[in-house]
Amino acid sequence: KATYGKDSTMPGTEAPKPLTGKSVSMIFQKRSTRTRVSTETGMNLLGGHALFLGPSDIQLGVNESMRDTANVLSRFNSIILAR
């Protein structure tokens with residue numbers, strides 16, 4: 001069972017958080033439980049924040065082009081994940 005960031009092996013030490021202050025936008029056209037959970041958990045454990053964007057949250061190619069969407073998301077997020 002993973003204990004990253006919770007129970008360290010040495011008292012008074014904490015696991016590194018290299019993604020502190022970083023965020024990822026996760027764009028899903030179809031639901032993917034494993035990808036969403038693993039990305040959100042990993043970002044949290046490493047100090048970052050994950051933002052889920054499903055089909056009802058973002059209208060790719062309808063109201064904005066893919067390029068416009070990527071430009072907007074890249075201004076506010078460190079990583080863009082599309083699935």
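This passage walks through the fold of one chain and then looks at some of its residues.

The model is predicted, so local features need pLDDT of at least 70 and side-chain atom pairs count only at pLDDT 80 or more, while totals for chains, interfaces and linings use all residues. Residues are numbered from 1 along each chain as its sequence is written, and side-chain values use heavy atoms, with hydrogens and water left out.

Start with the overall layout. The chain has two helices and three strands, where helices (H or I, at least four residues) and strands (E, at least two) are DSSP runs numbered from the N terminus. Read from the N terminus, the order of the elements is β-α-β-α-β. Of the 83 residues, 23% count as buried; that word means under 20% relative accessible area, with exposed meaning over 50% and partly exposed in between (1.4 Å probe, protein chains only). The chain exposes about 6,200 Å², and 54% of that comes from carbon and sulfur atoms. Those areas come from the Shrake-Rupley method with a 1.4 Å probe, and for residues only the protein chains shown count as cover. As for contacts (heavy atoms within 4.5 Å), take those between residues at least 6 apart in sequence: 71% of them join residues at least 24 apart.

Next comes strand β1, which covers residues 23–27 and includes serine 23. Serine 23 counts as buried because its relative accessible area is 13%. Its side chain makes a polar contact with the side chain of asparagine 77 at 3.0 Å. The serine 23 side chain also reaches the backbone oxygen of phenylalanine 76, at 3.4 Å. A polar contact here is a pair of N or O atoms within 3.5 Å; within protein, one must be able to donate a hydrogen and the other to accept it, and residues adjacent in sequence count only if both atoms are side-chain atoms. Leaving out residues up to four places away in sequence, serine 23 touches Met43, His49, Phe76, Asn77, Ser78 and Ile79.

Serine 25 sits in β1 too. With a relative accessibility of 0%, serine 25 is buried. Beyond its neighbours within four places in sequence, serine 25 is in contact with several residues, including Leu51, Leu53, Leu73 and Leu81. Serine 74, in helix α2, is 49 residues from serine 25 in sequence, yet their C-alpha atoms are 8.9 Å apart. Serine 74 is partly exposed, at 43%.

What about the nonpolar core? A core of this kind is a set of buried Ala, Val, Leu, Ile, Met, Phe, Trp, Tyr and Cys residues joined through side-chain atoms within 4.5 Å. The largest one has six residues: Val24, Met26, Phe28, Met43, Ala50 and Phe52. Strands β1 and β2 each supply at least two residues of this core. Phenylalanine 52 is in contact with Met26 and Phe28, and also with Arg31, Arg36, Glu40 and Asp57, once neighbours within four places in sequence are set aside.

Two of those partners, Arg36 and Glu40, lead to helix α1. This helix has 13 residues (33–45), so at 1.5 Å a residue it should span 18 Å, and its end C-alpha atoms are indeed 18 Å apart. The expected span is 1.5 Å times one less than the number of residues. Glutamate 40 and arginine 36 both lie in α1, four residues apart, or about one turn of the helix. They form a salt bridge, with the closest N and O atoms 2.9 Å apart, and the structure holds one such bridge. The term means a side-chain nitrogen of Lys or Arg within 4 Å of a carboxyl oxygen of Asp or Glu. Side chains of opposite charge can pair when their charged atoms come close. Glutamate 40 is partly exposed at 27%, and so is arginine 36 at 30%. After α1 comes glycine 47, whose phi is positive, near 95 degrees.

That leaves a loop and the last strand. Proline 55 is in the loop between β2 (49–53) and α2 (66–76), and it is partly exposed, with a relative accessible area of 39%. Setting aside neighbours within four places in sequence, proline 55 is in contact with Phe28 and Gln29. Leucine 81 belongs to strand β3 (residues 79–82) and is partly exposed at 21%. Its contacts, again without neighbours within four places, include Val24, Ser25, Met26, Ile27 and Phe28.
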